[in-house]
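This report walks through a single protein structure for a reader who has not met it before. Please look over the sequence and the model first, and then follow the sections below.

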Amino acid sequence: MSESFLDLRNNFENATSVNTSSLVPKPAGTKESFQFKPENVTIENGTIIYFAIRAIDNVSLTSEVSNVVQAALFVPPKESLPDTLPTEVINDGVNVSIIVLIVTGSVIAVLIAVSITVCILHKKNRKGGPELRM
């Protein structure tokens with residue numbers, strides 16, 4: 001393995017070896033998986049590591065270097081967790097619902113006061129005297 005495609009392809013012998021001593025080959029065509037932790041490589045988000053294989057049999061016959069493949073580590077960004085306060089709370093800790101209720105109550109109180117005042121003034125104007133109608 002290597003962090004450089006060209007180094008792995010052109011200098012396979014100098015690439016970092018992966019210990020595969022615990023790997024037991026299965027019959028051809030069988031799906032296999034192998035896990036390891038790369039050493040001497042700083043793995044960060046977006047790190048690309050290139051891999052290639054060279055097989056050696058029991059009588060030390062060595063194959064050509066396989067196709068080079070790459071693996072990349074992508075860590076999704078952490079979702080921001082909501083604070084302990086609900087999303088409708090303003091910085092000072094005042095709940096938006098309470099503000100809406102206060103404003104609505106104030107508007108209703110003003111409308112009631114205006115209505116009562118209009119009614120009282122209307123009644124006073126009627127008591128002022130008889131109107132002439134034609």
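## A nonpolar patch on the surface

A nonpolar patch, as the term is used here, is made of residues that have over 30% relative accessible area and no salt bridge, with nonpolar side chains such as Val, Leu and Ile joined within 5 Å. The structure is a predicted model, and in it Ile99, Val103, Val107 and Leu111 form such a patch on the surface, with about 340 Å² of accessible area together.

Val107, one of the residues of this patch, is found in helix α2, which covers residues 96–127. With a relative accessible area of 46%, Val107 is classed as partly exposed, because that class lies between the buried limit of under 20% and the exposed limit of over 50%.

## The span listed in the record

An unreviewed UniProt entry lists residues 96–121 under "transmembrane region". In the predicted model this span is 100% helix and 0% strand, and the C-alpha atoms at the two ends of the span lie 38 Å apart.

## A salt bridge between two loops

Side chains of opposite charge can pair when their charged atoms come close. The count of salt bridges in this model comes to one, and the side chains that meet in it are those of Glu13 and Arg54, at 2.9 Å from N to O. Glu13 lies in the loop between α1 (5–10) and β1 (48–51), whereas Arg54 lies in the loop between β1 and β2 (69–72), so the pair ties together parts that are 41 residues apart in sequence.

The two partners fall into separate accessibility classes: Glu13 counts as exposed at 57% relative accessibility, while Arg54, with a relative accessible area of 28%, is partly exposed.

## Aromatic rings

Three aromatic pairs are held in the structure. In one of them, the rings of Phe34 and Phe36 have their centres 5.9 Å apart and their planes at 25°, so this pair is stacked. Phe36 also pairs with Phe51, and here the arrangement is edge-to-face, with 5.8 Å from centre to centre and 80° between the planes. Because Phe36 lies in the loop between α1 and β1 and Phe51 in strand β1, this second contact ties together parts that are 15 residues apart in sequence.

Ring pairs thus link Phe34, Phe36 and Phe51 into a cluster. Each member of the cluster can also be described by its accessibility: Phe34 is partly exposed at 30%, Phe36 is partly exposed at 33%, and Phe51 is partly exposed with a relative accessible area of 21%.

## Two buried residues, Thr47 and Tyr50

Thr47 has its place in the loop between α1 and β1, and at 12% relative accessibility Thr47 counts as buried. Leaving aside residues up to four places away in sequence, Thr47 touches Glu3, Thr42, Ala71, Ala72 and Leu73.

Tyr50 lies in strand β1 and counts as buried at 16% relative accessibility. Although Tyr50 and Val68 are 18 residues apart along the chain, their C-alpha atoms are separated by 6.5 Å. When residues up to four places away in sequence are again left out, the residues that Tyr50 touches include Met1, Ser2, Glu3, Ser4, Phe5 and Leu8, and among them are also Val68, Val69 and Gln70. Glu3 is therefore a residue touched by Thr47 and by Tyr50.

How values were computed. Residues are numbered from 1 along each chain as its sequence is written. This is a predicted model: local features need pLDDT of at least 70, side-chain atom pairs count only at pLDDT 80 or more; totals for chains, interfaces and linings use all residues. Side-chain values use heavy atoms; hydrogens and water are left out. UniProt positions are given in the numbering used here, feature names are shortened, and annotations may be inferred rather than shown by experiment. Helices (H or I, at least four residues) and strands (E, at least two) are DSSP runs, numbered from the N terminus. A salt bridge is a side-chain nitrogen of Lys or Arg within 4 Å of a carboxyl oxygen of Asp or Glu. Buried means under 20% relative accessible area, exposed over 50%, partly exposed in between (1.4 Å probe, protein chains only). Patches are made of residues with over 30% relative accessible area and no salt bridge: like charges are joined within 9 Å, nonpolar side chains (Val, Leu, Ile, Met, Phe, Trp, Tyr) within 5 Å. Accessible areas come from the Shrake-Rupley method with a 1.4 Å probe; for residues, only the protein chains shown count as cover. Rings of Phe, Tyr and Trp (its six-membered ring) pair if their centres lie within 6.5 Å; planes under 30 degrees apart count as stacked, over 60 as edge-to-face and the rest as tilted. Contact means heavy atoms within 4.5 Å.
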